[in-house]
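Here are my notes on the structure you asked me to look over, set out as numbered points. Please read them with the structure open beside you, and go to each place as it is named.

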2 protein chains.
Amino acid sequence: MEPAKPQLNSLLAKLEEAGKRVTSQRIAVCEALLAHNGHPTAAEIWQHLQGQHPAMSQATVYNTLSALEELQLIRALDIVGENHTHYDLCVHPHVNVVCTRCGTIADVHTDTLEALLGLVSARSSYQLAPQDGVIVYGLCPACSAKL
Amino acid sequence: MEPAKPQLNSLLAKLEEAGKRVTSQRIAVCEALLAHNGHPTAAEIWQHLQGQHPAMSQATVYNTLSALEELQLIRALDIVGENHTHYDLCVHPHVNVVCTRCGTIADVHTDTLEALLGLVSARSSYQLAPQDGVIVYGLCPACSAKL
DNA sequence: CAGTTATTTATAATCATTCTAACATGATAT
DNA sequence: ATATCATGTTAGAATGATTATAAATAACTG
C-alpha cells in the first residue's frame, strides 16, 4: 500500500546522475531527511545534524534541499500558518492532508486519485499530474477529538 | 455553476456582526479585494490602494486581511515558490489549481470534490470539510502549451 | 601534480510579516 | 454634548526564514 521510503543510495545515485557531486554534507542531509519520519523543515534537518556535523552551515542544508527538489527527489510543502517550508520525501502520487489546528501533515495514498484529478483537470484545463502535489486541509483526529 | 462573488455589503455586515468596527480603511481593503479578480496578495492590495488612500499603512492591510480570515470570509493560500501569501475571496468548497511554472491560481468548482474528500478522509481519519481548502498543483494551459 | 569547477562556509543582505508605542477614532454613558 | 474607554491606525523598528556574496575548500580531469 504505502510506497517504500526512498533509499539513501538511490538519492545519492540520482544526484550523481545529474552531475552533482556526492559530498559528505549532502550525504548527511539525505540521511537526516530519511531519519525524520515525517515532513521535516530545513531548520529541523540542520538541528538534527548539529551533533554529527557541527560545522554544517544552514546554507548548505538549503542548497542541498533545493538541489533535491529540482531533481524531484523531494517536494516542498508550503502550509498556511507555518512559517517554515516542509519537505516531503515521498514523490509518488499522493495527497498531503494538513491539520488546520496543529499543522500535522499526513500522507494519503489512494489509487483513485488519478481519476478524481482527471475530473478536476477537465474543469480547469490545467494539466494535473498527481505527483505535482495535492494538499487538503482539515482537522486531524487528535484535534477533532478536542472540540 | 460559479458561486457569486461576495458583495461588499455582506463582508462589512459580517465584520460588524463580529463586533469589529467598519472603518474607512477596512471598507477600502474589502473594495480592493473585490476589485482584484483573482487571488491578491497583501502587497497587491496595498499598492492598489495607494492612489485613493495614500495614508494607508501596510500594517492595516495585514490586520484587515487577518480579521477577514479569522471570520472565514477569505482564505489564505500559501503557494510553493511564491513568497507572498495569496488570498481567496471564494470560501465556497472548491479546488485551487496552481501552476507550478507561473504560479497562476484558478478556482475549480466541481461536484467531484466531495468524492475526493470522502476518499481522503476515509484513508486518513482526518475530518475534511471542503471549505477548509484543497490545493492541486499542475500546469496551466499557457505553460503547458510552451513545452 | 596543476588547473578547473563545484561546493561549503561565515557573514551579510533581503524582504514579507509582525510588533510596538503613540496617536486617532468611534461607541457609550453620563 | 462631553468625557471616557475600548478599538483601530500609523510609522517605524524588529523578527526571522531564506538567499546572496565572496573567500576558502574539496572534488574531478588531464
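1. A good place to begin is A:R21, where a polar side-chain atom lies 3.1 Å from a base oxygen of DNA strand C. Please keep in mind from the start that this is a predicted model, and that the distance is computed from its atoms. A second polar contact to DNA strand C comes from A:T23, where a polar side-chain atom lies 2.5 Å from a phosphate oxygen. The backbone takes part as well, since a polar backbone atom of A:A55 is 3.3 Å from a phosphate oxygen of DNA strand C.

2. Which residues come nearest to DNA strand C? There are 16 residues around this strand, and those that come nearest are A:T23, A:Q25, A:R26, A:T60 and B:Y62, a list in which both chain letters appear. Turning to the DNA side, 80% of the atoms of strand C within 4 Å of the protein belong to sugar or phosphate, while the rest belong to bases. The contact of A:R21 with a base oxygen and that of A:T23 with a phosphate oxygen give an example of each kind.

3. The surface near DNA strand C can also be described by its helices, for α2 (24-35) and α4 (58-70) of chain A, together with α4 (58-70) of chain B, each supply at least two of its residues. Sorted by residue type, this surface holds five nonpolar, seven polar and four charged residues.

4. DNA strand D should be read in the same manner, with attention to the chain letters. Of the 16 residues around it, A:Y62, B:T23, B:Q25, B:R26 and B:T60 come nearest. Here α4 of chain A, together with α2 (24-35) and α4 of chain B, each supply at least two residues of the nearby surface. The residues of that surface divide into five nonpolar, seven polar and four charged, and 79% of the atoms of DNA strand D within 4 Å of the protein belong to sugar or phosphate, with bases making up the rest.

5. Several polar contacts to phosphate oxygens of DNA strand D can be inspected one by one. An N or O atom in the side chain of A:Y62 is 2.4 Å from a phosphate oxygen of this strand, and a polar backbone atom of A:T85 is 3.0 Å from a phosphate oxygen. From the other chain, a backbone N or O atom of B:S57 lies 3.2 Å from a phosphate oxygen of DNA strand D.

6. How are the two protein chains related? Chain B is superposed on chain A by a rotation of 180° with 0.1 Å of shift along its axis, and the RMSD is 0.4 Å. That is the relation of a two-fold axis. The same surface serves both copies, in that 95% of the contact residues of chain B recur in chain A.

7. Looking at chain A as a whole, the secondary structure comes to six helices and five strands, which follow one another along the sequence in the pattern α-α-α-α-β-β-β-β-α-β-α. The domain assignment gives domain 1 (8-77) and domain 2 (92-145), and the centres of these two domains, taken over C-alpha atoms, are separated by 25 Å. The C-alpha trace of chain A spans about 45 × 40 × 25 Å along its principal axes, and 44% of the 147 residues of this chain count as buried.

8. Is B:I79 buried or exposed? B:I79 sits in the loop between β1 (75-77) and β2 (86-88) of chain B, and it counts as buried because its relative accessibility is 2%, where buried means under 20%. Leaving aside residues up to four places away in sequence, B:I79 touches A:D78, B:V98, B:I105, B:I135 and B:Y137. B:I135 is 56 residues away along the chain, and the C-alpha atoms of B:I79 and B:I135 are separated by 8.8 Å.

9. A last point concerns backbone angles. Most residues other than glycine have a negative phi. A:S125, however, has a positive phi of about 55° although it is not a glycine, and it lies in the loop between α5 (113-124) and β5 (134-138) of chain A, where it is partly exposed with a relative accessible area of 47%. In chain B, phi of B:S125 is likewise positive, near 55°, and B:S125 is placed in the loop between α5 (112-124) and β5 (134-138).

How values were computed: Residues are numbered from 1 along each chain as its sequence is written. Chains are lettered from A and ligands numbered from 1 in the order in which they are written. This is a predicted model: local features need pLDDT of at least 70, side-chain atom pairs count only at pLDDT 80 or more; totals for chains, interfaces and linings use all residues. Side-chain values use heavy atoms; hydrogens and water are left out. Domain bounds come from an automatic or database domain assignment. Copies are superposed by least squares on the C-alpha atoms of residues with pLDDT of at least 70 in both. Contact means heavy atoms within 4.5 Å. A residue is near a molecule or strand if one of its heavy atoms lies within 4 Å of it. A polar contact is a pair of N or O atoms within 3.5 Å; within protein, one must be able to donate a hydrogen and the other to accept it, and residues adjacent in sequence count only if both atoms are side-chain atoms. Helices (H or I, at least four residues) and strands (E, at least two) are DSSP runs, numbered from the N terminus. Ala, Val, Leu, Ile, Met, Phe, Trp, Tyr, Cys and Pro count as nonpolar, Asp, Glu, Lys and Arg as charged, and the others, Gly among them, as polar. Buried means under 20% relative accessible area, exposed over 50%, partly exposed in between (1.4 Å probe, protein chains only).
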